[in-house]
Amino acid sequence: MKKNLGILGLFLVVFIATAFANPDFVNAYNLENLIRRASLYGIIGIGVSLVIITSGIDLSIGSMIGLVGTMLPYLLIEHGASLFTGLLAVVALSASIGLIHGLLITRLKLQPFVVTLCGLLIYRGCARWMTGDSVQGFKGNYDSLRYLAIGKIPLGTLPGIGEFNLPVPFLLMTGLAIVAAIFLNKTIYGRYLLALGRNEQAARYSGINTDRMVVLAYVLCSLVAGFGGILFALDSNSIQPDNFGSFYELYAIAAAVLGGCSLRGGQGSIFGVVIGAAILPLLRNSINLLGMPTTLEFAIIGVVILAGVIVDEVVKRMAAKRRAALAAKQASGS
Amino acid sequence: MKNLSLFAFLAAVSLTFYGCTNSSDPGSTGGAGGGGESTISADAPKVAYVTNGIASFWDIAEKGAMDGGKEFDANVIVKMPANGVEDQKRMCQDLLAQGIKGIAISPIDPDNQGDLLDEISSHTNLITQDSDAPASKRLCYIGMDNYTAGRMCGKLVKEAMPEGGSVIILVGRLAQENAKLRRQGTIDEILGRSEDRTRYDDPNDGEIKGEKYTILDTRTDGFDFGKCKDNAQDAIAKYEDLGCMVGLFAYNPPLILEAVREAGKVGKIKIVSFDEDERSLEAIQKGEMYGTTVQDPYNYGYKSVEILAALARGDKSVIPEGGVINIPARNIRKDNVDEFWTELKRLTAKEAPGCC
């Protein structure tokens, strides 16, 4: 938790500043939207953090979301597949993609960067080819399935906010985050992932089957990305194969890194990733509600995140210095 | 290995960038595209119709071009560049290499494609369609006037909200000339201003207040569908008394409708659309959207082939004085949407789901 104070502070500063500048920011409708968007990004952030922890990377997430998001309505609406078949197909596809990534990285010793970068191109191309580049959507059907992405659970009237409904994706993200946190911190396999990310050779010499763990990380990452793809598609209901999910891999990786995952591996916290994932939609929402020009959006997001990371780093260094000074004092006193 | 990684990275960034920025016609959604070819006879002149992207809008134009080929005895090649300016250039150069007898092109970036347009005009007959390049040596332009179409869209806003109110405009990107003109025409009509194609209200300048109507803002999404819906939701959250939302690119209105439905404000917030996305037409039938301003892509294709076929046979009389063939836009409302959709289906020979 202490490690995530910086990103949590950034989140709170932006949140409170926007709330003061525009009271509409904290109305129930806006908060519901914000929570739903942050939850969707949180889900894909959690997935990629499992890979980043092993010192790997997955650049194919955006295209995976594009492929899965395109394929589901394509199967259900264009080909009249049953819901079970459609979901099974996209889940199996997601798992298979993760398995292929993992095997290419562990057996052929290819770099994760190259493997998933090629995946980025291949899956985008497949989505476009499969649909002939035509826009996909659920066309007024599958409302009960769409509930997973756009559904809300009434919580009654909250003080200062009004009639509040909790978006269903928040529950899905919370459930996934709890499972991921338990897996990472309380199970032997989670500890293996952290260990191999810190020093793969040492982990292997201590008897861990590191190849199997790397494959597991990529399978889990792709499965979660596929799940995210389904939810993004259900939310948007208008999926253009050539750009749906574009750049989402960068958002997911940014969420994981902002949340405390080291790109060198061996380090990461699911809570941090969830907060990191909320930063981007929060900033976008703030920019809209404060009426800032959309042309400045990327610049504002970049500056705010950079400033937050710099402050976080400075605070960490000061704390480390203080700890070192304290330790030296104690050593000289003893 | 390092070099390979660098190459792969650069390739991916380029492809992703192009995929994001040049993927669709500004006034249309994606469609089952990619282009096609029809051969009428070996002796018939071969002409080409080049779009600015892959989109359902262009599928309709392709049908018009193919029908034009049959009517005016021309072999027609339709090319739909998926990856922007470079793709369009490559396709045109390949067509020139085949000895094509004429090209009708929708230039993606006319201001910066002068070299390509000069190259085409020096080899064959060049006409522009959908989007003009008046500074080039094109023989004529076939399409609508985006400023006038914008004013027509503004009329729909005033009809939807005759007592006045606030309006927000959502659009994919404002860098393109046709988007700027469309937006300006819409604003000028809503605010009751005189016609002036050179006027430009900077979207960064904030609200534009008129006597009865206020233009609250213009938000862009860079063709990101998710962000378009986010923008619509944020506008609903920010402006409690929001009266009307206008979507200027074809994919905008269906996503606006999603946001309005989820907010439970159908009917309270009026929606005015641009182009003929099936979901927009369906919403107009149901009364969830007020209306839409539509172009006539079928005739863009048909007329282009008619002109190119005549030029290939040496008949220059088909070029009008002034070099512009205007294919006017139309306003579609609940009272004429069925008729329009039936006609659209007939032209494209495609079933429209949900249509009665």
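Here are a few questions and answers on a predicted model and the terms used for it. Residues count from 1 along each chain as its sequence is written, while chains are lettered from A and ligands numbered from 1 in the order written. Local features need pLDDT of at least 70 and side-chain atom pairs 80 or more, but totals for chains, interfaces and linings use all residues.

Q: How do you know that chain A agrees with a compact globule?
A: With 334 residues, the expected radius of gyration is near 20 Å, and chain A has 21 Å, so the two agree. The radius is taken over C-alpha atoms, and the rule is 2.2 Å times the number of residues to the power 0.38.

Q: What makes a residue of chain A count as buried, and what percentage are buried?
A: It needs 20 or more other C-beta atoms within 10 Å of its own (12 or fewer is exposed, in between is partly exposed; C-beta atoms are placed from the backbone). Buried residues make up 49% of the 334 in chain A.

Q: Why are α2(A) and α7(B) called roughly antiparallel?
A: Helix α2 (residues 28-53) of chain A and helix α7 (residues 225-238) of chain B pack at about 155°, their axes 9 Å apart. Angles over 145 degrees count as roughly antiparallel, so α2(A) and α7(B) get that label.

Q: Which residues make that contact?
A: Tyr29(A), Asn30(A), Asn33(A) and Arg37(A) of α2(A) meet Asp230(B), Gln233(B), Ile236(B) and Ala237(B) of α7(B). Contact is C-beta atoms, placed from the backbone, within 7 Å.

Technical notes. Axes fitted to C-alpha atoms, helices over the stretch in contact; angles between N-to-C directions. Helix = DSSP H or I, 4+ residues; strand = E, 2+ residues; numbered from the N terminus. Parallel < 35°, antiparallel > 145°, perpendicular 65-115°, else oblique. Contact = placed C-beta atoms within 7 Å.
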